[in-house]
Amino acid sequence: MSRTALLVTHTGRRRSTEHARSVAADLIAAGFEVRVVAEEADDLDLPGVLPVVGPEAAEGAEIVFALGGDGTFLRAAELARPAKVPLLGINLGKVGFLAEAEINDLDTAVRDVVERNYTVNERLTLDVTAEFDGGPTIESWALNEISVEKGERAQMLELLVDVDGRPLSRYGCDGVVCATPTGSTAYAFSGGGPVVWPEVEALLLVPISAHALFSRPLVTAPTSTFVITVDPFTTLAVLCCDGRRVYDLPPGARVTVRRGALPVRIVRLQPRPFTDRLVAKFGLPVHGWRGSRQ
């Protein structure tokens with residue numbers, strides 16, 4: 001039976017394109033049908049690949065490769081999630097926090113996939129619905145975070161936040177971030193939120209630059225529901241999902257965030273403690289601390 005892989009990369013970078021060609025060639029040599037996103041096919045210029053279009057690009061595939069940084073990974077997740085296909089990230093960018101492997105592991109990663117020497121973990125996602133008078137309902141999702149932010153730089157946004165059907169607080173702020181454990185090291189982290197291990201099932205709520213006495217980051221149950229209401233007399237707001245899908249919200253809009261119906265399935269090649277990933281990605285000082293003195 002033929003095996004199929006979808007390849008997603010950052011073709012705007014020459015180095016990424018070269019590595020994508022190498023991966024595609026190795027997979028084809030191993031008997032895979034290799035798909036590429038149609039708009040990337042010309043840049044890859046690789047014979048034997050199958051250009052695909054639309055949200056069904058990953059349907060029926062065995063695996064999706066994301067070669068690039070976290071932006072490429074999130075773009076690939078948009079295709080892998082609805083098809084329930086495992087996603088393997090190989091970091092060709094800077095931090096690459098979402099990636100499973102680094103560029104030096106590229107050959108080994110491809111070989112492990114060919115030999116089916118990997119496991120798959122499911123990562124919690126978020127679903128969001130936004131409703132407002134005089135406009136259509138917005139529905140989207142996120143792997144990292146969903147944020148409601150001010151749409152005008154000079155003005156503060158007024159938001160009322162409910163958790164599990166009960167009002168929590170009203171914030172004058174730059175916005176609010178609702179994040180998953182996967183996204184705890186992204187936007188929520190920059191806003192002062194905690195780092196949550198990926199295996200922990202929880203949701204995070206992090207106010208951004210809130211002018212309020214109670215503006216601490218919150219960690220809730222994965223079954224919790226957040227409702228964020230934009231004050232009718234405040235400025236315009238923006239709904240942003242993973243930094244990729246952005247929607248305008250008028251005053252009075254009501255945004256509901258809850259656990260996503262579909263997880264993102266992520267490939268693990270050689271599982272290692274999350275602590276090691278934190279140390280490597282953030283360059284944490286584990287050598288030379290006082291406890292190691294003789």
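Me: How many salt bridges does the structure hold?
Reply: This is a predicted model. Side chains of opposite charge can pair when their charged atoms come close. The count of salt bridges in the structure is 13.

Me: How far apart are the closest N and O atoms of glutamate 78 and arginine 244?
Reply: Glutamate 78 and arginine 244 form a salt bridge. The cut-off for such a pair is 4 Å. Here the closest N and O atoms are apart by 2.6 Å.

Me: How many residues apart in sequence are the parts that glutamate 78 and arginine 244 tie together?
Reply: Glutamate 78 belongs to helix α3, residues 70-83. Arginine 244 sits in the loop between β17 (237-241) and β18 (245-249). So the pair ties together parts whose separation in sequence, in residues, is 166.

Me: Is glutamate 78 buried, partly exposed or exposed?
Reply: Buried means under 20% relative accessible area, and exposed means over 50%. Glutamate 78 has 24% relative accessibility. Its partner, arginine 244, has 35% and is partly exposed. Glutamate 78 likewise counts as partly exposed.

Me: Which residues are linked with Glu78 in a network of salt bridges?
Reply: Glu78 pairs with arginine 244. Further residues belong to the network of salt bridges. Those linked with Glu78 are Asp242, Arg244 and Arg245.

Me: Where does arginine 277, the salt-bridge partner of glutamate 100, lie?
Reply: The side chains of glutamate 100 and arginine 277 meet at 3.4 Å, N to O. Glutamate 100 is in the loop between β5 (87-91) and β6 (101-102). The pair ties together parts 177 residues apart in sequence, because arginine 277 lies in helix α6 (residues 274-282).

Me: Are glutamate 100 and arginine 277 buried or exposed?
Reply: The cut-off for buried is under 20% relative accessible area. Glutamate 100 has 13%. Arginine 277 has 10%. Both values fall under the cut-off, so glutamate 100 and arginine 277 count as buried.

Me: Which residue forms a salt bridge with aspartate 231?
Reply: Aspartate 231 lies in the loop between β16 (226-230) and β17. Its partner is in strand β12 (residues 166-173), so the pair ties together parts 61 residues apart in sequence. The closest N and O atoms are 3.3 Å apart. The partner is arginine 170.

Me: What is the relative accessible area of arginine 170?
Reply: Aspartate 231 counts as buried, at 16% relative accessibility. Arginine 170, in contrast, is partly exposed. The relative accessible area of arginine 170 is 47%.

Me: Which residue does the UniProt annotation "active site" cover?
Reply: The annotation comes from an unreviewed UniProt entry. The residue it covers is placed in helix α3. With a relative accessible area of 24%, it is partly exposed. The residue is Asp70.

Me: Which residues does aspartate 70 touch, not counting residues up to four places away in sequence?
Reply: Aspartate 70 is in helix α3. Its sequence neighbours up to four places away are not counted. The residues it touches are Gly96, Phe97, Leu98 and Ala99.

Me: Which strand gives the most to the largest nonpolar core?
Reply: In soluble globular proteins, nonpolar side chains tend to be buried together. The largest nonpolar core here has 31 residues. Val148, Val176, Leu239, Leu249 and Val255 touch the most other members. The strand that gives the most, with four residues, is β11 (residues 157-163).

Me: How many residues are in the other core, which includes Val49?
Reply: This core lies apart from the largest one. Among its members are Val49, Ile90, Ala101 and Ile103. Its number of residues is 26.

Me: How far apart in space are leucine 249 and valine 238?
Reply: Leucine 249 is in strand β18 and counts as buried, at 1% relative accessibility. Its contacts include Val148, Val238 and Val255. Leucine 249 and valine 238 are eleven residues apart in sequence. Their C-alpha to C-alpha distance is 5.3 Å.

Me: What is the radius of gyration of the chain?
Reply: The chain comes to six helices and 20 strands. The globule rule gives 19 Å for 294 residues. The chain's value is close to that, so the chain is as compact as a globular protein of that length. The radius of gyration is 21 Å.

How values were computed:
Residues are numbered from 1 along each chain as its sequence is written. This is a predicted model: local features need pLDDT of at least 70, side-chain atom pairs count only at pLDDT 80 or more; totals for chains, interfaces and linings use all residues. Side-chain values use heavy atoms; hydrogens and water are left out. Helices (H or I, at least four residues) and strands (E, at least two) are DSSP runs, numbered from the N terminus. Buried means under 20% relative accessible area, exposed over 50%, partly exposed in between (1.4 Å probe, protein chains only). UniProt positions are given in the numbering used here, feature names are shortened, and annotations may be inferred rather than shown by experiment. Contact means heavy atoms within 4.5 Å. A nonpolar core is a set of buried Ala, Val, Leu, Ile, Met, Phe, Trp, Tyr and Cys residues joined through side-chain atoms within 4.5 Å. The radius of gyration is taken over C-alpha atoms; the globule rule is 2.2 Å times the number of residues to the power 0.38.
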